[in-house]
Amino acid sequence: SYRKGGYHAVRIGDQFSGGRYIAQRKLGWGQFSTVWLAYDTSASNYVALKIQKSAAQFAQAALHEIEVLSAVADGDPSNSMCVIRLIDHFKHIGPNGQHLCMVLEFLGDSLLRLIKYNRYKGIPMNKVREICRCALVGLDYLHRELGIIHADLKPENILLFSTIDPTKDPVRSGLTPILERPEGNPNGGATMNIIEKKLKRRARRAVAKISERRASMGGEAQKSERKLDGIDVRCKVVDFGNACWADKKFAEEIQTRQYRAPEVILQAGYSFSVDMWSLACTAFELATGDMMFTPKAGQGFSEDEDHLALMMELLGKMPRKVAIGGARSKDYFDRHGDLKRIRRLKFWPLDKLLVDKYNFSENDAREFAEFLSPLLDFSPEKRPTAQQSLQHPWLNPRNTTQNEIRNESNPGKVNVGMSNLQIKVGK
Ligand code: ATP
Ligand code: MG
Ligand code: MG
């Protein structure tokens with residue numbers, strides 16, 4: 001994909017936006033872009049530089065993402081709403097064309113990595129709670145204040161805060177900013193210059209150090225549980241490439257397959273509540289290490305129909321009205337609201353599944369299922385909003401002294417709750 005219209009090839013030390021940003025190392029990539037850790041010489045800190053492919057449709061997509069991200073940043077001047085912050089954007093011209101670039105705050109690993117570090121065994125429930133709270137603060141902000149549907153919520157698109165702050169302690173973090181490209185080697189040529197090799201080695205060492213630290217935070221399952229306990233889990237919702245305004249949608253098919261809401265499959269119209277469905281799928285995956293639904297096409301039935309069957313096996317039969325209410329309902333359901341090709345469903349309700357398959361205690365299973373089930377209501381309008389979910393008892397457990405905040409003007413009253421963001425103490 002490193003050709004005309006595709007990715008822009010970056011070398012360590014490359015400068016962007018008139019020299020303001022200097023590429024340090026690659027952070028990741030996606031269908032649309034490569035993402036680089038870059039040093040921001042004006043602000044003297046690190047940023048994530050997302051460099052879009054250059055072809056027209058990618059430029060169009062980047063413009064859309066920039067529009068959404070700008071609205072997200074404008075509405076949250078104090079940067080406290082658990083959503084990624086756009087710092088800057090510009091065009092960069094390279095051999096493959098003109099690339100739109102987004103400068104984003106530098107974050108850490110995705111929740112998908114966190115799940116992997118824990119060897120797909122699930123992460124401790126108190127961490128799942130904290131992550132859900134963060135994600136819900138983000139969704140509540142997007143939905144209620146901006147009217148934006150994220151439309152692609154999943155573990156990969158929720159990033160933890162970076163566990164390192166390279167600006168504060170460059171020695172310990174193993175990162176000192178690389179400030180320039182080696183001279184006399186403007187485009188590399190066939191042989192890599194020795195200095196550049198050195199730089200690469202240095203960057204690799206830094207990455208190795210970071211990986212070490214992350215491994216000590218994840219690593220072996222048992223050890224990691226203990227280590228994870230001490231960490232304040234904070235995270236942010238990222239990747240607004242598929243986000244839309246609820247009153248200005250442009251796609252019928254949204255969301256990544258496993259996190260897709262039933263109304264999207266049935267094409268029955270959608271709104272903010274699709275994100276609530278995906279949040280429940282994400283929370284389940286964090287807690288168990290398994291995706292909630294992994295549909296597969298089989299003999300005589302499609303992936304969509306399997307998906308609907310899996311949903312019903314876990315959540316009970318879909319009400320007939322909902323089942324037959326979508327533009328595509330006839331493809332999957334008969335007029336009684338039964339699936340056409342998958343007749344025998346093996347019901348395994350969520351709370352039982354958590355106990356039987358994932359060894360939850362009865363109590364934990366019931367409480368977690370009570371949080372998840374309403375978010376997985378087949379009727380989208382019955383799902384709680386992000387704001388309502390933030391009030392759910394599962395997120396606000398009793399008898400945890402850590403979460404109790406005394407109300408000083410009313411000493412008898414104890415507010416039990418989440419972050420300081422949500423709880424207003426006193427008057
Ligand atoms: P997709 O195909 O998922 O839409 P994309 O091209 O839009 O991909 P992103 O998903 O935004 O790209 O980013 C690609 C990867 O880069 C992410 O999965 C993540 O690993 C990394 N990344 C993105 N943004 C940041 C950030 N702000 N801080 C750290 N890493 C990031
Ligand atoms: Mg992504
Ligand atoms: Mg994207």
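**Exercise 1. Where is the place of Arg 119?** Then work out how exposed Arg 119 is.

Solution. Keep in mind that this is a predicted model.
- Step 1: go to the loop between helix 2 (111–117) and helix 3, and you'll find Arg 119 there.
- Step 2: check the backbone. Arg 119 has a phi near 50 degrees, which is positive even though the residue is something other than glycine.
- Step 3: count neighbours. Arg 119 has 13 C-beta neighbours inside 10 Å, so it counts as partly exposed.

**Exercise 2. Does Ala 151 count as buried or exposed?** Find its loop too.

Solution.
- Step 1: look in the loop between strand 7 (148–149) and strand 8 (158–160), where Ala 151 sits.
- Step 2: read off phi. Ala 151 isn't a glycine, yet its phi is positive, at about 70 degrees.
- Step 3: count again. There are 24 C-beta neighbours inside 10 Å of Ala 151, and the cut-off for buried is 20 or more. Ala 151 therefore counts as buried.

**Exercise 3. Describe how helix 3 packs with helix 8.**

Solution. Two numbers get you started, because a packed pair of helices is described by the angle between the axes and the distance between them.
- Step 1: take helix 3 (residues 125–146) and helix 8 (residues 273–288). Their angle is about 160 degrees and their axes are 10 Å apart.
- Step 2: name the arrangement. Anything over 145 degrees counts as roughly antiparallel, so helix 3 and helix 8 are roughly antiparallel to each other.
- Step 3: give the handedness. The crossing of helix 3 past helix 8 is right-handed.
- Step 4: list who touches whom. Helix 3 brings Met 125, Val 128, Ile 131, Cys 132, Ala 135 and Leu 139, while helix 8 brings Asp 275, Leu 279, Ala 283, Leu 286 and Ala 287.
- Step 5: sort them by class. This contact has 10 nonpolar residues, 1 charged and no polar ones.

**Exercise 4. Do the job again for helix 8 and helix 13.**

Solution.
- Step 1: the angle here is about 150 degrees, with the axes 8 Å apart.
- Step 2: that makes helix 8 roughly antiparallel to helix 13.
- Step 3: helix 8 passes helix 13 in a left-handed crossing.
- Step 4: from helix 8 the contact takes Met 276, Trp 277, Leu 279, Ala 280, Ala 283, Phe 284 and Ala 287, and from helix 13 it takes Phe 368, Leu 372 and Leu 375.
- Step 5: by class, you get 10 nonpolar residues, with no polar and no charged ones.

While you're in helix 13 (residues 362–375), pick out Asp 364. Its 17 C-beta neighbours inside 10 Å are why Asp 364 counts as partly exposed. Asp 351 is 13 residues away along the chain, and its C-alpha atom lies 8.9 Å from that of Asp 364.

**Exercise 5. Which residues come nearest to ligand 1?** Say what the shell is built from.

Solution.
- Step 1: of the 21 residues around ligand 1, Gly 28, Gly 30, Phe 32, Val 35 and Ala 48 come nearest.
- Step 2: find the elements giving two or more residues. These are strand 2 (21–29), strand 3 (33–40), strand 4 (45–52) and strand 6 (97–105).
- Step 3: pick the top contributor. Strand 2 gives the largest share, 3 residues.
- Step 4: split by class. The shell has 11 nonpolar, 6 polar and 4 charged residues.

**Exercise 6. How many helices and strands does the protein chain have?**

Solution.
- Step 1: tally the elements, and you reach 14 helices and 12 strands.
- Step 2: turn to burial. Of the 427 residues, 37% count as buried.

Notes:
Residues are numbered from 1 along each chain as its sequence is written. Chains are lettered from A and ligands numbered from 1 in the order in which they are written. This is a predicted model: local features need pLDDT of at least 70, side-chain atom pairs count only at pLDDT 80 or more; totals for chains, interfaces and linings use all residues. Axes are lines fitted to C-alpha atoms, for helices over the stretch in contact, and angles run from 0 to 180 degrees between N-to-C directions. Helices (H or I, at least four residues) and strands (E, at least two) are DSSP runs, numbered from the N terminus. Angles under 35 degrees count as roughly parallel, over 145 as roughly antiparallel, 65 to 115 as roughly perpendicular and the rest as oblique. A crossing is left-handed if the near helix is turned anticlockwise from the far one by less than a right angle, and right-handed if clockwise. Two residues are in contact if their C-beta atoms, placed from the backbone, lie within 7 Å. Ala, Val, Leu, Ile, Met, Phe, Trp, Tyr, Cys and Pro count as nonpolar, Asp, Glu, Lys and Arg as charged, and the others, Gly among them, as polar. A residue is near a molecule or strand if its C-beta atom, placed from the backbone, lies within 6 Å of it. A residue is buried if 20 or more other C-beta atoms lie within 10 Å of its own, exposed if 12 or fewer, and partly exposed in between; C-beta atoms are placed from the backbone.
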